[in-house]
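Let's walk through a ligand site together, asking at each step what stands behind the words.

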Amino acid sequence: MKAKAADPTYPWEEPDDFITWMVRESFKRETFHETSVYHLAYRIVLLNFGGITTTSIMVGPIQHARLTPDAANVISALREEAERVLQEHNGEWSKSAVAKLRRLDSAIRESARVSAIGGNALARRVKIDGFTLPNGLAVAKNSTIGVSMDGIHFDEAYYDHPYVYDAFRFSRPREEAEKPRTNEDLVTTSVHWLPFSHGLHACPGRFFAANNVKMILAQLLLDYEIRPFATRPPNVAIGDMSVVPVTATMMIRKRDLKA
Ligand code: HEM
């Protein structure tokens, strides 16, 4: 990039990608933390976690759908929807086709409810001089506060039978109602559903991520059979996060569409 800046005839085209944007910004700065290769690489690793690992983590818990007592019906209802929607859209996944995957959307939203990445959400550092909560608890400046995501996700006040994985909890009202409800899909955050956080800093990548996760799972349903686990392998704790076990082995095979 420096050679190109010095000599525009230098035989190299600058790519339009994140690494290039980041390096270009670093040329405007001087501190070691903003210019060293180590720190640039570190930011890529962080971005990979923020944008890619999270997506893989969200795909994983859909195994819940295979663990419910009703797994066979849930899987065939999801597969039927994927086949129907893909057919209606001439065999191509487009944004509008993916938006029609309402049952799958619900099954993923429900997975994220019962198996969110962390037990806590909305971690924030208190920057003001401190305050007192209505229950009398004094919160000092610089303390870190947050809310208990699991506490909310498993609260009967918000969810009927909160400990039950009900794949179509969110799509059932939409499929049954004359006017479909639109406020409980995978990208809609609320104070009762926090996997993408909520409010000003709610994940801006969630629209992209939701499309990705739905396409990955729809294609898996269409092309493969996955042998259900007898029991779900336990999650692994990383700090205060709880993620799918990366060492667990799954049996997977191509579907025999002639059968
Ligand atoms: C399933 C996948 C994903 C999950 C579960 C997820 C979850 C989250 C969560 C919980 C936050 C914290 C918000 C807060 O502090 O209140 C966040 C922030 C953020 N996410 Fe995601 N995310 C995902 C995918 C992505 C993708 C694909 C991108 C970018 C392409 C992305 C970009 C961001 C950014 C830039 C922030 C910071 C927002 C801010 O502080 O204002 N995320 N995400």
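A polar contact is a pair of N or O atoms within 3.5 Å; within protein, one must be able to donate a hydrogen and the other to accept it, and residues adjacent in sequence count only if both atoms are side-chain atoms. This is a predicted model, where local features need pLDDT of at least 70 and side-chain atom pairs count only at pLDDT 80 or more, while totals for chains, interfaces and linings use all residues. Residues are numbered from 1 along each chain as its sequence is written, and side-chain values use heavy atoms, with hydrogens and water left out.

Q: Why is the pair between Gly 50 and the ligand called a polar contact?
A: A backbone N or O atom of Gly 50 lies 3.3 Å from a nitrogen atom of the ligand, and the limit is 3.5 Å, so the pair counts.

Q: What makes Arg 124 a polar contact of the ligand?
A: A polar atom in the Arg 124 side chain is 2.5 Å from a ligand oxygen, so the pair qualifies. His 201 also has a side-chain N or O atom 2.6 Å from an oxygen atom of the ligand.

Q: Why is Cys 203 called a donor to the iron atom?
A: Donors are N, O and S atoms within 2.8 Å of the metal (3.2 Å for Na, K and Ca). The SG atom of Cys 203 is 2.3 Å from the iron, so it qualifies, and it is the single donor from the protein. Water is not among the atoms, so the site may look incomplete. Cys 203 is found in the loop between helix H10 (171-176) and H11.

Q: Which helix gives the most to the shell around the ligand?
A: H4, with 5 residues. Helix H4 (37-59) and helix H11 (206-223) each supply at least two.

Q: What makes 1 residue of the shell count as charged?
A: Asp, Glu, Lys and Arg count as charged; Ala, Val, Leu, Ile, Met, Phe, Trp, Tyr, Cys and Pro as nonpolar; and the others, Gly among them, as polar. By that rule the shell divides into 8 nonpolar, 7 polar and 1 charged.

Conventions:
Helix = DSSP H or I, 4+ residues; strand = E, 2+ residues; numbered from the N terminus.
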